[in-house]
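Trainee: I would like to go through this structure and test each label against its rule.
Mentor: Good. Ask, and I will set value against definition.

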Amino acid sequence: MIAPKLDQRLQAAADLVRPCDTAADIGCDHGKLSAYLACTGRARRVIAADLRPGPLSTARKTCEEAGCLEKVELRLGDGLSVLVPGEAQAVVIAGVSAQTAIEMLTAAPWVRNEGTQLVLIPATKAPVLRRWLWENGFLLNAERLVCAAHRWYAVMDAVYTGTLRQPTDAECLLGLTQEQPGAAEYRAQQVSRLKKFRRGLDQDPEAARRADALLRQLEGEG
């Protein structure tokens, strides 16, 4: 077996997946992450799932070329509906918006099993996903920063503990990224996005007040 080379985002996700019996790659696209997890033995078995037949066909070819198809089960379906509750010990959701990831997780209450690891790469609005995780009893174990196509992304490792917390706006914006390589660049990107978001809040005084307070805090710390 020959593991395919991954881009920085998928490599960070693969590195965070704890060794397990079964991992699920939800929205597997080309299947490189699924093949990597199977080839390296990070998971004994991998479920590669996608909503569309085209990417699933590509994933099959990727796994065949890597020599690991016997370890990968391909499933066509929407989100986590392809999984039996408790079937996977690690679930990777990559390349979708924070809101889509939240909808997937909400529709699958079994992800609240304490033994289920979530590895998440939100394509947009990472602060929204962090807030949802914390407010719904999930613990963020780690985050990894990666830069792709001149944008910074956070790769998250989370697990349900049942402990609900109310994070600050700054915690939601930056998460666990502040001590990592790329932290300054990620912070600058998030501040820039916050300023853009603030410009659209003139009709929402309370949201505008919170955004202004957060900007003063971050710029003061910088």
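## Space inside the model

Mentor: This is a predicted model. By the cavity rule, the count comes to one cavity of 30 Å³ or more.

Trainee: How do you know that the largest cavity belongs in that count?

Mentor: About 70 Å³ of space lies in the largest cavity. The cut-off is 30 Å³ or more. The value passes, and the label "cavity" applies because a 1.4 Å probe fits there but cannot get out.

Trainee: Which residues are the closest to the centre of the largest cavity?

Mentor: Of the 13 lining residues, they are Pro-122, Ala-123, Ala-126, Trp-152 and Arg-193. E7 and H7 each supply at least two residues of the lining. By class, the lining of the largest cavity has seven nonpolar, three polar and three charged residues.

Trainee: What makes the other spaces pockets?

Mentor: A pocket is an open set of points, so the probe is not shut in as it is in a cavity. The largest pocket has a volume of about 720 Å³. Among its 20 lining residues, Pro-127, Val-128, Leu-173, Leu-194 and Phe-197 are the closest to the centre.

Trainee: Which helix gives the largest share of that lining?

Mentor: H7, with five residues. Helix H5 (126-135), H6, H7 and H8 each supply at least two. The lining of the largest pocket holds eleven nonpolar, two polar and seven charged residues.

Trainee: And how much space lies in the second largest pocket?

Mentor: About 580 Å³. Its lining has 29 residues, and Ile-26, Gly-27, Ala-94, Gly-95 and Val-96 are the closest to its centre. H4 gives the most to this lining, with three residues. Helix H1 (8-16) and strand E1 (20-26) are among the elements that each supply at least two. By class, the second largest pocket is lined by 14 nonpolar, seven polar and eight charged residues.

Trainee: Now helix H8. What span is expected for H8, and what does H8 reach?

Mentor: H8 covers residues 205-221, which is 17 residues. At 1.5 Å a residue, 24 Å is expected. H8 reaches 24 Å from its first C-alpha to its last, close to that expected value.

Trainee: Which residues of H8 are buried?

Mentor: Ala-208, Ala-211, Leu-214, Leu-215 and Leu-218. They cover an arc of only 130 degrees around the axis, which puts them on the same side of H8. An α-helix has 3.6 residues a turn, so residues three or four places apart point the same way. What covers the buried residues of H8 includes helix H6 (169-174) and helix H7 (183-198).

Trainee: Which residues are exposed on the other side of H8?

Mentor: Pro-205, Arg-216, Gly-220 and Glu-221.

Trainee: Two loop residues next. What is the phi of Lys-125?

Mentor: About 55 degrees, a positive value, although Lys-125 is not a glycine. Lys-125 lies in the loop between strand E5 (117-121) and H5.

Trainee: Why is Lys-125 called exposed?

Mentor: The relative accessible area of Lys-125 is 59%. Exposed means over 50%. Lys-125 is therefore exposed.

Trainee: What about His-150: buried or exposed?

Mentor: His-150 is exposed, because its relative accessible area is 78% and the cut-off is over 50%. Its phi is near 70 degrees, positive in a residue other than glycine. His-150 is found in the loop between strand E6 (138-148) and strand E7 (151-160).

Notes. Residues are numbered from 1 along each chain as its sequence is written. This is a predicted model: local features need pLDDT of at least 70, side-chain atom pairs count only at pLDDT 80 or more; totals for chains, interfaces and linings use all residues. Side-chain values use heavy atoms; hydrogens and water are left out. Helices (H or I, at least four residues) and strands (E, at least two) are DSSP runs, numbered from the N terminus. The expected span of a helix is 1.5 Å times one less than its number of residues. Buried means under 20% relative accessible area, exposed over 50%, partly exposed in between (1.4 Å probe, protein chains only). The arc is that of the directions from the helix axis to the C-beta atoms. Contact means heavy atoms within 4.5 Å. On a 1 Å grid over the protein atoms alone, a cavity is a set of points where a 1.4 Å probe fits but cannot get out, and a pocket is an open set with protein on both sides within 12 Å along at least five of seven lines; lining residues have an atom within 4 Å of a point. Grid points are joined across faces, edges and corners, and a volume is the space filled by probe spheres set on the points. Ala, Val, Leu, Ile, Met, Phe, Trp, Tyr, Cys and Pro count as nonpolar, Asp, Glu, Lys and Arg as charged, and the others, Gly among them, as polar.
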